[in-house]
Amino acid sequence: MQYFVVMIDYGRRGREAVVDPEITRREVVSRIASGEYQNISFIHEIAESSVEDVTEAILAEAALPHVPPEDVDLQAIRLDHVRDLRKHERT
């Protein structure tokens, strides 16, 4: 059997370990990316009789992709902003 333990730290209110054998790695990544899991202390993967700390790997998977600044089209952003301003002026 394989499952994940996600320890969430609520500060002064305590901590909570989310343990559900039905949740897959993909689901854990999805919940982190969506913001459902926040303030994570650690994530452990339990497989048979071994425990592995997979916190770094899963948090890296859940991170939004980094877009280098040179790939951002600032002119298009400015034109979109001007168009939005004009649209709201009409109402």
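This passage covers model confidence, an internal cavity and the packing of two helices.

The structure is a predicted model, and its mean pLDDT comes out at 84. Of the protein's residues, 79% reach 70 or more. Confidence peaks in strand 4 (residues 50-53), with a mean of 95, and bottoms out in helix 3 (residues 74-89), where the mean is 70. Where pLDDT is low, the predicted coordinates should not be read in detail.

Turning to the inside of the protein, 1 cavity of 30 Å³ or more shows up. The largest cavity encloses about 30 Å³ of space. Its lining is made up of Phe4, Val6, Val18, Val19, Asp20, Ile23, Val28 and Tyr37. Two or more of these residues come from each of strand 1 (2-9) and strand 2 (15-19). Sorted by class, the lining of the largest cavity counts 7 nonpolar residues and 1 charged residue, with no polar ones.

As for helix packing, helix 1 (residues 25-34) and helix 2 (residues 55-62) have axes that come within 8 Å. Those axes cross at roughly 60°. Angles from 65 to 115 degrees would count as roughly perpendicular and those under 35 as roughly parallel, so helix 1 and helix 2 are oblique to each other. The crossing of helix 1 past helix 2 is right-handed.

Methods. Residues are numbered from 1 along each chain as its sequence is written. This is a predicted model: local features need pLDDT of at least 70, side-chain atom pairs count only at pLDDT 80 or more; totals for chains, interfaces and linings use all residues. Side-chain values use heavy atoms; hydrogens and water are left out. pLDDT is the predictor's confidence in each residue, from 0 to 100. Helices (H or I, at least four residues) and strands (E, at least two) are DSSP runs, numbered from the N terminus. On a 1 Å grid over the protein atoms alone, a cavity is a set of points where a 1.4 Å probe fits but cannot get out, and a pocket is an open set with protein on both sides within 12 Å along at least five of seven lines; lining residues have an atom within 4 Å of a point. Grid points are joined across faces, edges and corners, and a volume is the space filled by probe spheres set on the points. Ala, Val, Leu, Ile, Met, Phe, Trp, Tyr, Cys and Pro count as nonpolar, Asp, Glu, Lys and Arg as charged, and the others, Gly among them, as polar. Axes are lines fitted to C-alpha atoms, for helices over the stretch in contact, and angles run from 0 to 180 degrees between N-to-C directions. Angles under 35 degrees count as roughly parallel, over 145 as roughly antiparallel, 65 to 115 as roughly perpendicular and the rest as oblique. A crossing is left-handed if the near helix is turned anticlockwise from the far one by less than a right angle, and right-handed if clockwise.
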